[in-house]
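This report goes through a two-chain structure by its strands, helices and chain contacts. The sequence and coordinates come first.

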Amino acid sequence: MVIFFEQLINGLTIGSFYALVALGYSMVYGVMKLINFAHGDLFAFGSYVGYTILVWNSGRITQIFGIWGGMAVTLLFTFMVVGIAGILVEKAAYRPVYPAGRLPLVVSALGMSIFIQNGIMAVWGPRFQAYPSESVPSVSFEIFGIHITLLKIFILIFSLLLMVIIYYIVEKTTFGAAVRAAALDRETATMLGIDIRKVIFFVFALGPALGGMAGVMNGMYYRSIQFNMGWNYGLKAFTATILGGIGNIPGAMLGGILLGIMESLFAGYFPSGGAWKDGFTFIVLILVLIWRPTGLIGEKIAEKV
Amino acid sequence: MKNNKLSLMVIALGILLLSSLSWAEGSIVIGLQAPITGDYAIEGQMAKQCVEIAAELINKEGGINGQPVEIVIADDASNPKDSALAAQKLISQKVVAVIGSYGSSVTEPAADLYERNKMVSVGYGCTAVQLTMSKDRKFFFRTCGRDDSQGQFFAKFAVESMGWKRIAIMHDNQTYGKGVAEETMKYLEPYLKEGKAEVVYYDAITPKEKDYSAAITKLRETQPDVWYYTAYYPEAGLLVRQGREAGITIPFVGSNAVPNDDFVKIAGIEYAKGTLMTQEPMPQDINTPISKVFLEAYRTKFGDIPSSPWPIYAADGLFALVQAIKNANSTQSEDIANAMRSMTNAEGITGKILFTERGDRKDIPYAMYKYNEEGKLQLYQP
């Protein structure tokens, strides 16, 4: 039972990284019908921005604001920087290609992914970088034999909070309604007076910004970051997006969390499950897609005539 | 007509002069194949620094019979695919011989290519037994030790010196990691039969992942006395950190690809301190005439001495090659290979460099090291 709960908490933590990254994928896909392959690398970029802030002037930020204050400043700053980066990516790599159709757009996204990855390598170097231990709380405790770290709890709560906020913005506000309308049918939404540029601006700023914060939390959690880390998380988050139903905000959250839990429970219970867990998750993905081609809570999309 | 002939002669003479000049000045080019980028980048970059300093020292003393040694570098990016590309690059540049590479599974495809193209290569960090034992390789050598001697060292140390009874062995299913784990098992066998020890956990993790909590929980539930991890440092750092956070307090022992500064960085100094390493002597504990000069030169240039033993073996690869070329008085691969096998006068940073018939280095000692409070390795006596 102890193992089960430990694995469950681990799964939730990993799952919340996936979910935050998946949100960005899903929002961009919903509005643009574009799989933003550069998204995973923006996540990695966020991780490096956070790292840079925390090691700046040998930990000045942590000295001024304390551990928790330093983390908050880092997260906030990363949110802004990666948000701006997301907008720049859209301006530089996607906007000029829109008229050419969807395929060139995907190629452009792949190119952007390679560009960001190599840019990170050129700036921060190919070696592992480690988040400084003074800047991250290292409190861990035991409840009923279950080992938990304070950081895990923080990541869980903070990610959930972010998801709730995004859910609220997208589902309950007027602007969210505009985003959803643009996702449903762009032309009609434009005709009804929705400023589509604003919506695009919004998804390309918020999606990467969330991913960037996930990157910072990932760096704090695992400590070691590397320039090519974005690829793997991008792939997993993309899987999560499809699992939950692409273009659907709650679906992305659900898909991410489910994926994380499945992975860690499988790795925990099956012999040499660690090596097979990716295979397992993809089998589950295929089965879900056979049963529900639009994902777990994806809406049925009517054929456009 | 006459004029033409004359100018032709002048040109011919010029070419002759030029070519003879370049021959006299021509340097002996040695390739270094190392992981300059990728997961093991720190080991490749330090190797590059060490080999360059070794070349400087050699050239200061007149090079090879007056010809300076020149190093060209090929990056194998820590993976087998790029390793083959790097090897091809060096082969097409027609270097005299090659030093490299670091990882065993990375070295393997390159060693095959060098073998096929009759080019001497000297591995500096690849310790898997199979590299010299599974195939007959005429042109492959290594200046580092072999995994079986490390496995033997750990088995004896764990049972006889420390009295650890319940042993957990974890590897990463790659050539090197699995090799050390299997060799350790082999040498633990007699103790297991006598009932002096028990292997309670023997499993592999998947390299390049971030989350090892599942494997760690499994390991914890088997209640071992010691945790021997026989693979590379990036995963080792994560394992130590996640293991300690999951409440594993037993000694962590890493094999000789674990210790370096990046391991300490990833694990964090609070978790890295106290971890043990089965290890060839570290640069600072080597006491030979060359080591003093070399480490001094390295420190002057880079501020500190190398944080892992492997780059030193890369430099030793160069010392061995240079001596072999001198002995053979030839840059033909066959002559160099024969000279490598028979030479008894090669002095490297780690002492005398002698090779066996199969290309392994003779007489490499192992020791137990421990990370101290400052994150530096110290010899450990139980």
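The text below takes the sheet of chain B, then chain A, then the contact between the chains.

The model is predicted.

**The sheet of chain B**

Chain B holds an open sheet of five strands in the order S2-S1-S3-S4-S5, with parallel pairing. Strand S2 (69-75) and S5 of chain B stand at the edges, and each has a single partner strand, so one side of each is left without a neighbour in the sheet. From one strand to the next the twist averages 25°.

Strand S4(B), residues 120-123, has pairings listed in the table together with the hairpin of chain A.

| Strand pair | Sense | Bridges |
|---|---|---|
| S3(B) (residues 97-99) and S4(B) | parallel | three bridges |
| S4(B) and S5(B) (residues 140-142) | parallel | three bridges |
| S2(A) and S3(A) | antiparallel | four bridges |

Across the pairing of S3(B) with S4(B), Ala97(B) stands opposite Val120(B), and Ile99(B) stands opposite Val122(B). The chain passes from S3(B) to S4(B) through helix H4(B), residues 104-116, and this β-α-β crossover is right-handed. On the pairing with S5(B), Ser121(B) of S4(B) stands opposite Phe140(B).

In a regular strand the side chains alternate between the two faces of the sheet. How are the residues of S4(B) divided between the two ways they point? Val120(B) and Val122(B) point one way, Ser121(B) and Gly123(B) point the other way, and all are buried.

Helix H14(B) lies across S3, S4 and S5 of chain B and runs at about 40° to S4(B). This helix covers residues 333-342, and Ser342(B) lies in it. Is Ser342(B) buried or exposed? Ser342(B) has 12 C-beta neighbours inside 10 Å, and a residue counts as exposed if that number is 12 or fewer, so Ser342(B) is exposed. Further along the chain, Thr356(B) is 14 residues from Ser342(B), and the C-alpha atoms of the two are separated by 8.7 Å.

**Chain A: a hairpin and a helix pair**

In chain A, strands S2(A) and S3(A) form a hairpin with two residues between the strands. Ser140(A) stands opposite Thr149(A) in S3(A). Phe144(A), in this hairpin, takes a positive phi near 50°.

Helices H1(A) and H9(A) (residues 229-244) have axes that come within 8 Å and cross at roughly 75°. A crossing angle from 65 to 115 degrees counts as roughly perpendicular, so H1(A) is roughly perpendicular to H9(A). From H1(A), the contact is made by Phe17(A), Tyr18(A), Ala19(A), Val21(A), Ala22(A), Tyr25(A) and Ser26(A). From H9(A) come Tyr233(A), Lys236(A), Ala237(A), Phe238(A), Ala240(A) and Thr241(A). By class, this contact has 10 nonpolar, two polar and one charged residues.

**Contact between the chains**

How many residues of each chain are in contact with the other? The contact involves 24 residues of chain A and 28 residues of chain B. On the side of chain A that touches chain B, at least two residues each are supplied by helix H1 (2-32), strand S2 (140-143), strand S3 (146-149), helix H10 (249-269) and helix H11 (273-291) of chain A. The largest share of that side, five residues, comes from H1(A). By class, the residues on the side of chain A divide into eight nonpolar, 12 polar and four charged.

Two elements described above for chain A thus recur here: the hairpin strands S2(A) and S3(A) and helix H1(A) each supply residues to the side that touches chain B.

Conventions: Residues are numbered from 1 along each chain as its sequence is written. Chains are lettered from A and ligands numbered from 1 in the order in which they are written. This is a predicted model: local features need pLDDT of at least 70, side-chain atom pairs count only at pLDDT 80 or more; totals for chains, interfaces and linings use all residues. Two residues are in contact if their C-beta atoms, placed from the backbone, lie within 7 Å. Ala, Val, Leu, Ile, Met, Phe, Trp, Tyr, Cys and Pro count as nonpolar, Asp, Glu, Lys and Arg as charged, and the others, Gly among them, as polar. Axes are lines fitted to C-alpha atoms, for helices over the stretch in contact, and angles run from 0 to 180 degrees between N-to-C directions. Angles under 35 degrees count as roughly parallel, over 145 as roughly antiparallel, 65 to 115 as roughly perpendicular and the rest as oblique. A residue is buried if 20 or more other C-beta atoms lie within 10 Å of its own, exposed if 12 or fewer, and partly exposed in between; C-beta atoms are placed from the backbone. Two strands pair if DSSP finds at least two bridges between them. A crossover is right-handed if, with the strands pointing away from the viewer, the path from the first strand over the helix to the second runs clockwise.
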